[in-house]
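Colleague: Could we go through this model together before I return to the bench? I would like a plain account of how the chain is arranged.

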Amino acid sequence: APAATAAEIEELCATDGITFCDESDPDFDFKTLLGEVMQKSSVGHWKSATRKLKKLNKQYSTSDRPVPREAYLAVLEACAANRLNGAR
């Protein structure tokens with residue numbers, strides 16, 4: 001088969017009349033990880049909760065979007081309960 005010319009490739013890749021709009025939630029990762037932190041805390045998985053909280057704080061927290069106080073309290077309560085002690 002003959003190779004496509006530059007004009008043919010340009011015609012195939014033309015985006016006339018198409019506009020791209022990113023409608024995804026920019027806070028999706030933050031909200032998802034926050035939900036995981038709260039869920040792990042609620043079932044007493046303190047080690048997993050603390051690791052996810054650390055990741056949330058380091059990777060997704062900003063001055064405009066700080067980690068909520070409730071997340072810290074939930075993890076702290078899970079750590080205080082220490083229900084995984086001797087689980088293995």
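Modeller: This is a predicted model. The protein chain has 4 helices and 0 strands, and its elements run α-α-α-α from the N terminus on.

Colleague: What share of the residues counts as buried?

Modeller: Of the 88 residues in the protein chain, 17% count as buried. The chain exposes about 7100 Å², and carbon and sulfur atoms supply 53% of that area.

Colleague: And how much of the contact pattern comes from residues 24 or more positions apart?

Modeller: Such residues account for 62% of the contacts in the protein chain that have a separation of 6 or more.

Colleague: Which residues make up the largest nonpolar core?

Modeller: The largest nonpolar core has 10 residues: Phe-30, Leu-33, Leu-34, Val-37, Ala-49, Leu-53, Leu-56, Val-67, Ala-71 and Val-75. Helices α2, α3 (46-60) and α4 are the elements that give two or more residues to this core.

Colleague: Which element gives the most to this core?

Modeller: Helix α2 does, with 4 residues.

Colleague: Take Leu-53, then. What does Leu-53 touch?

Modeller: Not counting residues up to four places away in sequence, Leu-53 touches Val-37, Val-67, Ala-71, Tyr-72 and Val-75. Of these partners, Val-37, Val-67, Ala-71 and Val-75 are listed in the largest nonpolar core together with Leu-53.

Colleague: I also noticed Ser-41. Where does Ser-41 lie, and is Ser-41 buried or exposed?

Modeller: Ser-41 lies in helix α2, which covers residues 28-42. Ser-41 counts as buried because its relative accessibility is 6%, and the cut-off for buried is under 20%.

Colleague: What is Ser-41 in contact with?

Modeller: Leaving aside neighbours within four places in sequence, Ser-41 is in contact with Ala-49, Ala-74, Val-75 and Ala-78. Ala-49 and Val-75 also appear in the largest nonpolar core.

Colleague: Changing topic to charges: how many salt bridges does a search of the whole structure find?

Modeller: The search finds 3 salt bridges. In one of them, Arg-65 pairs with Asp-27, and the closest N and O atoms are 2.5 Å apart. Arg-65 lies in the loop between α3 and α4 and Asp-27 in the loop between α1 (6-12) and α2, so this pair ties together parts that are 38 residues apart in sequence.

Colleague: What else does Arg-65 touch?

Modeller: Apart from residues up to four places away in sequence, Arg-65 touches Pro-26, Asp-27, Phe-30 and Tyr-60. The side chain of Arg-65 also reaches the backbone oxygen of Tyr-60 at 2.4 Å. As for Asp-27, its relative accessibility is 26%, so Asp-27 counts as partly exposed.

Colleague: Which residue forms a salt bridge with Glu-36?

Modeller: Lys-52 does, with the closest N and O atoms 3.0 Å apart. This pair links distant parts of the chain, with Lys-52 in helix α3 and Glu-36 in helix α2, 16 residues apart. Lys-52 is partly exposed, with a relative accessible area of 22%, and Glu-36 is partly exposed at 32% relative accessibility.

Colleague: And which residue pairs with Asp-25 in a salt bridge?

Modeller: Asp-25 forms a salt bridge with Lys-31, and the closest N and O atoms are 3.0 Å apart. Asp-25 is partly exposed, with a relative accessible area of 34%, and Lys-31 is partly exposed as well, at 48%.

Colleague: I should ask about the cysteines. How many disulfides does the structure hold?

Modeller: The structure holds 0 disulfides. Cys-21 is exposed, with a relative accessible area of 61%, whereas Cys-79 is partly exposed, with a relative accessible area of 29%.

Colleague: One last residue: where is Ala-81 found, and how far is its C-alpha atom from that of Trp-46?

Modeller: Ala-81 is found in helix α4, which covers residues 69-81. The C-alpha atoms of Ala-81 and Trp-46 are separated by 8.5 Å, and the two residues are 35 residues apart along the chain. Ala-81 counts as partly exposed, because its relative accessibility is 38%.

Methods
Residues are numbered from 1 along each chain as its sequence is written. This is a predicted model: local features need pLDDT of at least 70, side-chain atom pairs count only at pLDDT 80 or more; totals for chains, interfaces and linings use all residues. Side-chain values use heavy atoms; hydrogens and water are left out. Buried means under 20% relative accessible area, exposed over 50%, partly exposed in between (1.4 Å probe, protein chains only). Contact means heavy atoms within 4.5 Å. A nonpolar core is a set of buried Ala, Val, Leu, Ile, Met, Phe, Trp, Tyr and Cys residues joined through side-chain atoms within 4.5 Å. A disulfide is a pair of cysteine sulfur atoms within 2.5 Å. Accessible areas come from the Shrake-Rupley method with a 1.4 Å probe; for residues, only the protein chains shown count as cover. A salt bridge is a side-chain nitrogen of Lys or Arg within 4 Å of a carboxyl oxygen of Asp or Glu. A polar contact is a pair of N or O atoms within 3.5 Å; within protein, one must be able to donate a hydrogen and the other to accept it, and residues adjacent in sequence count only if both atoms are side-chain atoms.
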